[in-house]
Amino acid sequence: MSDVLIRKVNRAGRITLSRPAALNALTCAMVQEIDAALRGWIGDPGVELVVIDAEGPRAFCAGGDIAELHGRGAAGDHAFGQDFWRVEYRMNARIAAYPKPIVSLMQGFTMGGGVGLGCHARHRIVGETSQIAMPECAIGLVPDVGGTHLLARAPGRIGVWLGLTGARMGPGDAILAGFADRFVPEADWPGLIAALEGGDLTLPDRAAPEGRLPALQGEIDRLFAGTLPEILARLEATDTPLAAEALKALRRSSPLALAATLEILRRLGPSAGIREALDLEYRFTYRAQGQADFLEGIRAAIIDKDRKPRWRHAGPEAVRPEEVASVLAPLGPQALTFEEESK
C-alpha cells in the first residue's frame, strides 16, 4: 500500500498522507508521487482545487524521513540526500506558486517537511491539536523546505526565535506568525473536505484559541535582536521563563546550524521570495552531511538516542564568520534550479 493516497474526487485533486505510524514522515518516494500529481493536475480541467490532508490524529507530517537520510549519508552516499532535498524543494516552490487553490489541513505535529508541504498552500487550516515548528537546528540542519521564507516574514523577531529555538506554535500562534490562515475545529473537517471536493471554496474561519505570542512578542523582539553572541548574552542576563527556555534550546542545538540560520534570515529579510530562501537553504543542506552537523545530530537524536551530540563547535561563540560563509557559498553547477516547475 502506498504511503500517500492520490486520487481525484469530484472536482478536487486529493492528496492524503497515509503513514500515520511514522507520523506521516515524508520519504523521497512520497515527495516524488505528490509532485508528479501536482504537475499533472495543472492542466487537468477536471481538477479545480487541491486538498492536502493526512491520516491519524497525531500528525499532519512530522518531517522528512531523516533515518533514511542518515543511513545513506553515514554510508557515504551524500548524493541521496542532495537529490531528496532538490526534489522536495522544487515541490515546495511549486506549491507556493500553484495556479489552482491548494487547501491544507494540518492537525497534530507539523514540522520540517510537513511545513514545506502544508504551510506554502494558498489556504492553510489548523485545528485545536495543531503544533507547528521548525526544529532543524537541534539536528544540525537549518530550517528548510522554504521555512526560512516564512520565518523571515514573521512579525518582529518572532521568526528568529522560532528558527533558533524550534519552539512549537499552537493554532493561534501559527496564524499570528504567518504559518497558517484559518482555524477550523477538527470535528468540522470531514464536512469541509466534502464541500471542497464539490468545488465549494467557501472556507469557515473560527476564532483560534489564544496563543502565547501576543504576550511574549515584546520580550522576543528584545532578546532576539542582533548577532548570535549578542542574543546569547542577552538570554544569559535575563531571568525569565522565556529566556531560560530559549537558552536551553540554543545550548543543545548545533552551533553551526544556529549561526547559518541567523545569517540566512538576515540575508532574506521580509521581502525575499521563496525561491531565494530555498536557494540559500539548499546551499547548506547540500553540504550538511559532509561539512555540517547533520549526520551527528541524527545519530544522537534518532539512531543511538543518547541525546549527546558531538558538535563541530564547542558553542555558538566558537563559530567563525568564514565558516558560515563557506556553508552558504554559491554551489555553482550544483545550485538548486527550478526548471521542473513548468513541467
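## A tour from strand E7 outward

Select Ile 125 first: Ile 125 stands opposite Arg 182 in strand E9. This is a predicted model.

**Stop 1: the E7–E9 pair.** Keep Ile 125 in view and show E7 and E9. Two bridges join these strands, and they run parallel.

**Stop 2: the other partner of E7.** Now add strand E5, residues 102-106, beside strand E7, residues 123-126. Four bridges hold E5 to E7, again in parallel. Which residue stands opposite Ile 125 on this side? Pick Leu 105. A second facing pair is Val 103 with His 123 of E7.

**Stop 3: the side chains of E7.** Turn on side chains for E7. In a regular strand, side chains alternate between the two faces of the sheet. Look for that here: His 123 and Ile 125 point one way, while Arg 124 and Val 126 point the other way. Are these residues buried or exposed? All of them are buried.

**Stop 4: the whole sheet.** Zoom out and colour the strands. Six of them form an open sheet, in the order E1-E2-E3-E5-E7-E9. The pairing is mixed. Why do E1 and E9 each have one side without a neighbour in the sheet? Strand E1 (4-9) and strand E9 (182-183) stand at the edges with a single partner strand each, so one side of each is left without a neighbour in the sheet.

**Stop 5: a helix on the sheet.** Select helix H8, residues 189-197. H8 packs on the sheet. Its contacts reach E1, strand E2 (12-17), strand E3 (49-54), E5 and E7. Compare directions: H8 makes about 165° with E5.

**Stop 6: helix H13.** Jump to residues 274-291, which form helix H13. The helix has 18 residues. From first C-alpha to last, H13 reaches 24 Å, close to the 26 Å expected at 1.5 Å a residue. Colour H13 by burial: the helix is mostly covered, with 13 of its 18 residues buried.

**Stop 7: the full protein.** Show everything. The protein has 15 helices and nine strands. Its C-alpha atoms fill a box of roughly 55 × 45 × 40 Å along the principal axes. A compact globule of 343 residues would have a radius of gyration near 20 Å, and the 19 Å of this protein agrees with that. Buried residues make up 57% of the 343.

Try a contact view next. Among contacts between residues at least 6 apart in sequence, 73% join residues at least 24 apart. Finish with the surface. The protein exposes about 13400 Å², and carbon and sulfur atoms supply 53% of that area.

Key:
Residues numbered from 1 in each chain as written. Predicted model: local features only at pLDDT ≥ 70, side-chain atom pairs only at ≥ 80, totals over all residues. Heavy atoms only, no water. Pairing = 2+ DSSP bridges. Contact = heavy atoms within 4.5 Å. Axes fitted to C-alpha atoms, helices over the stretch in contact; angles between N-to-C directions. Rg over C-alpha atoms; globule rule 2.2 N^0.38 Å. Buried < 20%, exposed > 50% of the residue type's maximum accessible area, 1.4 Å probe, protein only. Areas by Shrake-Rupley, 256 points an atom, 1.4 Å probe, with all protein chains shown as cover. Expected span 1.5 Å × (residues − 1).
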